[in-house]
Each structure stands twice: as structure tokens, then as C-alpha cells.
Amino acid sequence: MMLSLNFILFPFLGCILIVLINVYFGIHVIKREIIFIDIALASIAALGSAVGMVLFNVGHEEVAHGDHAFWPYLFSLGFISIASLAFTLLRHKTISIPLEAIIGIAYAVATTLTVIILDKGAGGDVHVHDMLVGTILWISGPQLARLAIVVAITGIFHIVFRKKFMNLTESFHNHEPDIKRYKLWDFLFYFSFGLVVVEAVKIAGILTVFAFLILPASLSVLLTGNWTGKLIVGWLAGIAASFAGLLFSLKLDVPSAPVIISLLGLVLILGYILYKSINKNKPLKEQP
Amino acid sequence: MRKQIISVLLALITISAMAAQKNQIRIVCSFSDYASIASEIAKGNAVVEMISKGESDPHFIPPKPSYAMMLNKADIWITTGMDLEQWSATLLDKARNRNIMDGAIGFVAVSDGVEILDKPEKADRSEGDVHLMGNPHINTSPLNWKIIARNITVGLIKVDPQNAAFYEQNRDDFIDRVDRALFGDELVNMFGGETLSGLLHNHTLFTFLDREYQGRKLVDLLGGWLKEALPLRGNRVIAYHKNWAYFADIFGLEIAGFIEPKPGIPPSAKHVQYMVNLIKEQDIKVMLVANYFEKKSPRMIEDRTGIKAVYLPLFVNNELGINNNFELMDYWISQIKQNI
Amino acid sequence: MGTLAFLAPPIISCIILAGMLSYFGNHILTRGIIFIDIAVAQIAALGTMIGILLGFAENSVNAQLVSYAFTIIILGIFSLMKVRKQVLPQEAIIGIFYCVALGMALLLAEKIQGGSNYITKTITGNVLWVTWKSVFNCLLVFVPVIIINLLMGKRIKEISHGALTGNSLRRTRMYDLVFYITFGIIIVKSVPVMGIFLVFMLLIGPASISRIFVSSWKGRIMWGWLIGSAGSILGIYISYSMNISNGPAIVSLIGIAAYFFAFARLFNNRAGKTSVSNNQISAK
């Protein structure tokens, strides 16, 4: 047992960090209905990385090893900035395309352009596989530290300006919200999220990061209305599922992501049932 | 008095059991082929495990906790040594086992000494090849098995020098078996496996066998796989991906083209047209496909061009009833012969 | 073989699919459930894996049936989850289904030969290999779908725009179910041939572009079809002349075009020119 706990200590800490920041973003993302933004940002970052790799002839092994080679990292951040700018600007009343579709198109283009660039320039498809599954079970001390720093910076930024971001999200479906310089804050929202995504996906893979973004936050949204409540419910669910999930994945000897997802899924089903029964007792008019 | 003898005997048995267990070397391999060869050499002295099972795509390994733990306790880690097992880097990091890191005594790169095919001409990446160090699928040629066996033996001896003679004997037995399976008993008895291998490697074997001896051409004395595969020589085939280079080199198959030279990157319209025309013009009948690929595309290609896809397991695969490299080679040759 | 004869079946396939997907794409955009086709593709793949684990051979009819059945069941659950006041947006529900399906596929991938092929990201495909026979096969499946949607088109359109049929939630859900099932069939049939990203792009790309300039429902579908077809043909041409991977060429082309047009519209608007939407009959 001791060996098990030791083994999952670092992964568990990594999960906690990702849960903390992703549940917060998840609540925003659900409200804005841009669910797949993290997958899109991850692809865009990968595109940037590929461009950096090819332009500066960086070895595939350096990038795949979980560390950030300098130029690919810089380029991935650059591409995320451009994408954030695009998402900000294209939310406009003359564009009758839902933002999620714009994000979806970016996702598809990023993924396929990466394929084309790698085809013409560098290594093959292995990079793509790495990103999906991730290796959180193998997370190292330095990786954990790096993740902690990124989460801390983003977290503090969002704590300080939380009111701004909350207002922005609440009025998201109104195309010209009554907030000063809302475009700047929109951009900062996407960019800061992008920073987190790049770091988290490198370690945990797209699937886990996506799961932590959507599943706990969905539970919170079903069960409670106010922000603090949603955060707490999401955090509790996420952390509990991570712990149990990692332990089970050890016992059953399977990758951790599916186990954590299954647990969160189960909790969601229970939450849904709870939600339905709470609302059964409301007057018919208010029933969903 | 009897009680004392019994307790001493029990103690001795326990101690020797513990000693025997302690002496078992833990070997972890990246692929089943290497595991099979390692078992032949180490025999009872080692427990051999593998990470990528036979039927998996060698590039895609699900991160199971047991892998890190296996490696953590391993005495020897056997890997190709080129850039095929890119998933192993982070795994080795987590395993935190100094004895098996690159350069330590427990690290065995089986490709050491293998003559690598398809080395890219240019130093940069403009050729766009997936594997910069050349074609890493070395397990498809029996000549390479012998080199793999030698490398594994070196590793075993470093870790367990006391049993060096045992390992060397097993290695020599294995090499002999490979030679006989490849060339047939008669030629091996006459010229020795090493000479024949050298000739085969230099592509001069068949010129050599054209000579006469006691009224017959030497080539009539050929046995084993090379004889089985004689009808294959000079035939053109298509390969789905570059898995089969070493096999083709030994058995005289000419790989006329690849459908998907870079895994996961679908070919361009130009390439597809080129392949379709190539298959038609040269009347190519067979397309070799490693069986971990999805079958939809090969089937579409069959429909489009009339070629026959031959699905072959790339590695030793217990579930298919192929338990070692010899059976694997038998299977490959018989499957290709049936369809060519 | 002449280049044109060689490219004819793939081009025709793309044109047919561009039409079908333009229709569905418009609905998808209006309903705001963009990623449903990626979710459906993964769910169908998971269904196939279940079929294989149940003992059926990889491309047997039985395995395909299991896949369809599984997909339909999940789509059924999804339609049932529509409610008057949606606390959790439908796209989030799709995200949850996709996430869970992908997780399960990952788990099962180990147990199946070539299991990694059922994980969405790796579903590539190449429309270049289609034969006239498979084009015909697809049409066999598509025609009933077209007929059903023609018959129920008006109702489905109303629902997409938020109405409830006859004010009955149950009837609405039924229409939804029909819509999703016909949609699912198209996706499941076309993804293995064309790859997940090409289908995805043909679904939302042309429909998005047409939305920028056209307001009428039918107009959007027609223009979407046109744009999708043109994009496919141009993409194949680029793939041919520049020796670039085919699917990615088409996807990138249409996607970049979408962004180009969107930004053009944005800047056009800023420059104060008359915006098109002022004059058109709004049927959004």
C-alpha cells in the first residue's frame, strides 16, 4: 500500500492542480457554450510547436520528452495568442456563426495543418498520440513544479480579476456587453486558458484535461446556481475522482484517464438523478 | 534427532529456493520478438516480460502503471535502440532505475551492429522520413535475429557473469538453429552458417550457389526458408508501410512502393494516382499490411486496384498461436506464397 | 489512367457528401451542437469495438449492426435529454458523451487487435480510394435519409429554431430522434471512408461561410453545398499539384477560407459599407 501511495503522489498532486484551475474555467466555458475550446487550443498549440520545430530544426525527441524546447514553446504561445485574438474579434453581431463553430474550424485546421507541416518537414504522427493519452502517471518533480507555477500565475490572475471575468461570461451571449474594454478581457481569458492548456496537456494529455474541464463543472451546474457553490462542488468531485481513479488504475493496471472519467461519469449520473428529483417538486411551470 | 534433520533440510530447501529466486534475472523487453529471443538465451535464469504485445501498433502504448513498476525492478531493458520506441523515454524516467538507463549495464540496444537500411541521405528533415536513423523494423530478417541474440547475450553476461558460458552456449544454439532454418541443413554442414550469412548479406549468395558440386548445382541443396521463399524472389509487391524492408532484402522481394510511408499521414492525390498506375502497369498482386493497421483503407485499395492485401502480424503473437520468431517466419512465407 | 477518370469517383463522393452535410450542418449550427459529429464518430467506433469484443469479426455485418445499434441507443438518450429549460447546454452533454466514449475506447483498445484505430484522432481515411461501387453503396443509404428529411424537414427546422412541436415535449423529442438517427447514419457511413476531419469540416465549414452572407434557410443550404463542393475539388487539385496529403488539404483550405471570409466581413462592416443582412428577409 505504501508503495502505491508513493507511486501516485506526484500524479495526484498534478491532478489536483489541473482540477483546481479547470473546474473554474469549466464553469466559464459551459456558460459561454464553447465546450471544445481546450481541445482546439491544444491543437493550435501543437501546430505552433510543429512550426517551431520545423523552422528551427528542433529534434522530435526533445519535444516529445515532456520538456519544452524553447522555440516550439514560444511558437505555441504565439499561435495561441493569434487564436485568442481571432476568437475575441469574431464574436460580433455581424458574424452569425456561433463561436463554438469558429473554434471547431480552428481545431480542424490546426490539426490538419500540423499533419501537412510534419509531413513536409519533420517526424511523423507519434506526437499526436502522445497528446491524447498523456503520461500523468509518469509525471516528474520538475514537471509538477512547472505546472504548479503556471496554475498559480493564472489562478492568481483570475482571483484578482474574477469579477471582471464573471461579468464577461454572464453577458457573453449579449454581443456588445456593457463592460469597458471587454475585448481585452476576452482575449486575456482565452490566452490565460491557453497557457494552462499547453502545460496541462503536455503532462496529462488532452483527454484528461478535457474531462477535468467538463465533467466536474457539469455536475456543479446541475446542482447549484452560485459561483462559489459550483467551484466547491466541482473541486470536491474532481479531487475525489482523481484520488480514487489513480488508486483503481493502479489496482486494475489500466491507464488512469478512463478510470477517472468513469468515476466522474458515475457521479454525474447520480447528480443528474438528484437534479431531476429536486426539480420534480417544483411547480409544473418551472419544471425543465 | 529426526526432527533436527528435518528442520535443517527445510531450512536448506528454503534457502536454496530463495537463492534460486534471487538469481532469476528480470528482463523487460519493448517487443515480443525480443522477449522470445531473450527467453531462448536466458532460459530458466530469467523472467522475461514485454511491454508492447504482439498485436499492438508499436507506436501506441497505453500508459499502464505496471509498466513503470516492471521497469523499476528490471535488471535488463531490451529495446531496439533506434527511435522506434519513443514512448519509452518518459517511462524510463518514471521507473527511476539507474541500471537500465542508456549506457548502464542493463541497457541493451539490439540494433547495435545491424546494418540499417533506408538511412536518409540528407542530414536535415526535408526527406520527411519518420525515422531519422533509418528503418527500425529490424526484426523481420533472420540475419538480424542473430545480431539481436548476440547483443542480448552481451547484456546478460554483463549482469550475470557467472553464467556466461551458459548464455554463450544458448546463443550459439540459437544462431545455429536460425542458420539451419534459413539455409537448410546441407548447406550449413558444408559451409557453415557464418559464411552463408555473409554471402546472403552481400547479395552474392545466389551467384555462389550457381556453382556446381558433385554434379549438381549448389542451389539444389538449399533448404529452409530460403528454399520455401524461392518463388518469391524477384516479385514485386506493395507495402502499406515501411515495415518489411529487411524481410524483402533477404528474400528477394522488391517493394515497388508504399501506400502510407508516414503513419497517420494519408497520401496525396498525386501519390495515390501514382500507386494505382504502378499496381496496374506492373501487375502487382500483393500488398503487405501489418495487422495492426485498420482494415478499411486496405480494403478500399483492393477494390480500387484489384490487389490482394495480405495481413501479417509484425511481431510474435501468442494469441494468434505464433509463439516464437521461427513460427512467425513460417507464417509470413506461407501467407505470401499463397497469394502471390 | 487519365487523371480526370481517376479523380472522378472521389470528386463525386465529395460533392454528394457536401450536399448532405450542408443540410445537416445548417441544423447543427442553428442548434449549437457543433461537435456532435465527432462525438458520433467516436461512439460508433466504440460500438464497433464492443461488437468485436462480443466475438464478431472486424468488418462483419454483425459488428456493424452492433455499432449502429449502440450509436442509435446513445442518440436516443441524447434526444430524451432535451428539456424546455436547458441548465446544461446540449453541447456540454455532447462533450460528456464524447469524453466518456473516448475513455472507454482507450480502455478497450488494448484488448483488440489494432485497437488504436478506433480512437477518433487516428481515424484518417482517404476519399481518393473510393470506387464507383462504393459511391453507389453510399447513395443507397443516403437516399432514404434524404427522403425522410424532406418529409419531416419543416418540423425539424422549427425545432432547430427552438420551437416545440405542437407544444409537446415528447413529439419534439421524437422528431429530434429521427433527425439525429438519420444524421448518425450519414456520419457512420462516411467517416471511415473520408476520415473524421474531412467530414467535420464539410459539416460546419461551408455552412458557416454561407451564413456570413446569406440569411435564408434554403439559400444557406444551397450555398453551403456549392462552397463544400468547390472546396473539395480545389483541395484535391492542390493535393495533386503540390503533393500534399489529400484530406488535410481540403480541410485546411475550407477552414482558412472560412476565417478569411469572416474577417473580410468584419472589416467590411467596420469600413461602414452597407451590411448585407440589412436587406435580406430574415429567416434565421
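## Domains, sheets and chain contacts in a predicted three-chain model

The domain assignment of chain B gives two units, domain 1 (24-114 + 127-176) and domain 2 (223-339). The model is a predicted one. Between the C-alpha centres of domain 1 and domain 2 of chain B the distance is 26 Å. Contact between them involves 22 residues of domain 1 of chain B and 21 residues of domain 2 of chain B. On the side of domain 1 of chain B that touches domain 2 of chain B, helix H2 (32-42) and helix H5 (142-159) of chain B each supply at least two residues. By class, that side of domain 1 of chain B has 12 polar, 7 nonpolar and 3 charged residues.

### The sheet S2-S1-S3-S4 of chain B

In chain B, 4 strands form an open sheet in the order S2-S1-S3-S4, with parallel pairing. S2 and strand S4 (107-109) of chain B each have a single partner strand, so they stand at the edges and one side of each is left without a neighbour in the sheet. From one strand to the next, the twist averages 20 degrees.

Strand S3 (residues 76-79) of chain B is joined to S4(B) by 3 bridges, and the two run parallel. Within this pair, Thr79(B) stands opposite Ala109(B) in S4(B). Two helices of chain B pack on the sheet. H2(B) touches S1, S2 and S3 of chain B, and its direction makes about 150 degrees with that of S1(B). H5(B) touches S1, S3 and S4 of chain B, and its direction makes about 170 degrees with that of S4(B). H2(B) and H5(B) are also the helices named above for the side of domain 1 of chain B that touches domain 2 of chain B.

On the other side of the strand order, 6 bridges join strand S1 (residues 25-31) of chain B to S2(B), again in parallel. Phe31(B) has Ser52(B) in S2(B) as its bridge partner. Strand S2 (residues 46-52) of chain B is mostly covered, with 5 of its 7 residues buried.

### The sheet S8-S7-S9-S10 of chain B

A further open sheet of 4 strands in chain B has the order S8-S7-S9-S10, and its pairing is parallel. Its edges are strand S8 (254-258) and strand S10 (308-312) of chain B; each has a single partner strand, so one side of each is left without a neighbour in the sheet. The twist here averages 35 degrees from one strand to the next.

Strand S9 (residues 286-290) of chain B runs parallel to S10(B), and 5 bridges join them. Met287(B) has Ala309(B) as its bridge partner in S10(B). Helix H14 (residues 325-339) of chain B packs on this sheet, where it touches S9 and S10 of chain B; the direction of H14 makes about 170 degrees with that of S10(B).

The loop between S10 and H14 of chain B contains Asn318(B). Asn318(B) has 13 other C-beta atoms within 10 Å and is therefore partly exposed. In sequence, Asn318(B) and Lys53(B) are 265 residues apart, yet their C-alpha atoms are 8.9 Å apart in space.

### Chains A and C

The elements of chain A and chain C are set out below.

| Chain | Helices | Strands |
|---|---|---|
| A | 11 helices | 0 strands |
| C | 9 helices | 0 strands |

Of the 288 residues of chain A, 56% count as buried. Among contacts in chain A between residues at least 6 apart in sequence, 77% join residues at least 24 apart.

For chain C, 52% of the 284 residues count as buried. Residues 24 or more positions apart account for 73% of the chain C contacts with a separation of 6 or more. The C-alpha atoms of chain C fill a box of roughly 65 × 55 × 30 Å along the principal axes. A compact globule with 284 residues would have a radius of gyration near 19 Å, and the 19 Å of chain C agrees with this.

The contact between these two chains takes 45 residues from chain A and 47 residues from chain C. On the side of chain A that touches chain C, helix H4 (70-89), helix H5 (99-121), helix H6 (126-133), helix H9 (182-223) and helix H11 (256-280) of chain A each supply at least two residues. H5(A) gives the most to this side, with 12 residues. By class, the side of chain A that touches chain C divides into 33 nonpolar, 9 polar and 3 charged residues.

Key:
Residues numbered from 1 in each chain as written. Chains lettered and ligands numbered in written order. Predicted model: local features only at pLDDT ≥ 70, side-chain atom pairs only at ≥ 80, totals over all residues. Pairing = 2+ DSSP bridges. Axes fitted to C-alpha atoms, helices over the stretch in contact; angles between N-to-C directions. Contact = placed C-beta atoms within 7 Å. Domains from an automatic or database assignment. Nonpolar A, V, L, I, M, F, W, Y, C, P; charged D, E, K, R; others polar. Rg over C-alpha atoms; globule rule 2.2 N^0.38 Å. Buried ≥ 20, exposed ≤ 12 C-beta atoms within 10 Å, placed from the backbone.
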